[in-house]
Each structure stands twice: as structure tokens, then as C-alpha cells.
Amino acid sequence: MTTQIGGFGLREITKSFIKICVASILMGFIALGSFNFLKPSMKENLALILAIGVGVLAYAVIIYFIKVPEVDRTLEVVKKKLGQKRTGEGQ
């Protein structure tokens, strides 16, 4: 039946899922490490907020460089939308 209607893309979905899981685990370690690094030098709440920011930035960079197709497509759509708004502003 899969030959008649085509595959469900399970292989691609699994690869994307694994990449996202790896990126999430790396983000967690980076955020935890930055929290432990920042905690002695500032208040714990501020260290937590900064560590979350570092984790989010690290996750975005990791996801971008491991080339998750869904993220690439989303970025293309956002770039198109931003490009249309810029060209529309001058009118």
C-alpha cells in the first residue's frame, strides 16, 4: 500500500526527531553549565534568566547548523514575509 500512495516520510521524520532531541539535550547542558557558572557571581534569579537566554540562543544555533528541514522551511517563509513587508512599506 505504501508503494501506491507513497511513504509517510517516516525516515525523514525520525531523522528530524533525533536531531531535535540531540539539540535539546545539548541546550540543556549548555543552559545548566551557564547557570552554574553565573550563579556564584550574581543573584540566582538573574543567573537563571541569563542561563535560559543562553540556552535559547544555543538551541537556535544548533538547530540552524544541523539542518532540520522543518526549521529551514519555516525560516524561508519568515524571510519571504519580512521581504514582502519591506517592499510594501515604500508604497
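In which helix does Ser16 lie? Ser16 lies in helix H2, and that helix is a handy guide to much of what follows. Please keep in mind that this is a predicted model. The chain has four helices and zero strands, and its pattern along the sequence reads α-α-α-α.

**The chain as a whole**

- Of the 91 residues in the chain, 14% are buried.
- The chain exposes about 7,500 Å², and carbon and sulfur atoms account for 69% of that area.
- Among contacts with a separation of 6 or more, 60% join residues that are 24 or more positions apart.

**Helix H2: its length and buried residues**

- Helix H2 covers residues 10–38.
- Its 29 residues should span 42 Å at 1.5 Å a residue, and the end C-alpha atoms are 41 Å apart, so the two values agree.
- Which residues of H2 are buried? They are Ser16, Ala23, Ala31, Ser34, Phe35 and Leu38.
- Ser16 has a relative accessible area of 4%, which is under the 20% cut-off, so this residue counts as buried.
- Setting aside neighbours within four places in sequence, Ser16 is in contact with Val68, Pro69 and Glu70. Of these partners, Pro69 and Glu70 fall within helix H4 (69–89).
- Ser34 also lies in helix H2. Its relative accessibility is 12%, and it therefore counts as buried too, again being under 20%.
- Which residues does Ser34 touch, not counting those up to four places away in sequence? They are Ala51 and Val54, and both positions fall within helix H3 (44–65).

**The nonpolar surface patch**

- Phe17, Ile18, Val22, Leu26, Ile30 and Val54 make a nonpolar surface patch of about 510 Å².
- Which helix gives the most to this patch? Helix H2 does, with five residues.
- Val54 belongs to the patch and is also one of the residues that Ser34 touches.
- Ile30 is a patch member that lies in helix H2.
- Is Ile30 buried, exposed or partly exposed? Its relative accessibility is 36%, between the 20% and 50% cut-offs, so Ile30 counts as partly exposed.
- As general background, an α-helix has 3.6 residues a turn, so residues three or four places apart point the same way.

**The loop between H3 and H4**

- Where is Lys67? Lys67 sits in the loop between helix H3 (44–65) and helix H4 (69–89).
- Lys67 has a positive phi of about 60°, although it is not a glycine.
- For context, most residues other than glycine have a negative phi.
- With a relative accessible area of 45%, Lys67 falls between 20% and 50%, and so it is partly exposed.

**The aromatic pair**

- How many aromatic pairs does the structure hold? It holds one.
- Tyr64 and Phe65 form this pair, with an edge-to-face arrangement: 5.3 Å centre to centre and 80° between the planes.
- Tyr64 has a relative accessible area of 39% and is therefore partly exposed, lying between the 20% and 50% cut-offs.
- Phe65, at 61% relative accessibility, is over the 50% cut-off and so counts as exposed.

Definitions and conventions. Residues numbered from 1 in each chain as written. Predicted model: local features only at pLDDT ≥ 70, side-chain atom pairs only at ≥ 80, totals over all residues. Heavy atoms only, no water. Patch = residues over 30% accessible without salt bridge, like charges linked within 9 Å, V, L, I, M, F, W, Y side chains within 5 Å. Areas by Shrake-Rupley, 256 points an atom, 1.4 Å probe, with all protein chains shown as cover. Salt bridge = Lys/Arg side-chain N within 4 Å of Asp/Glu carboxyl O. Helix = DSSP H or I, 4+ residues; strand = E, 2+ residues; numbered from the N terminus. Buried < 20%, exposed > 50% of the residue type's maximum accessible area, 1.4 Å probe, protein only. Expected span 1.5 Å × (residues − 1). Contact = heavy atoms within 4.5 Å. Phe/Tyr/Trp six-rings, centres within 6.5 Å; stacked < 30°, edge-to-face > 60°.
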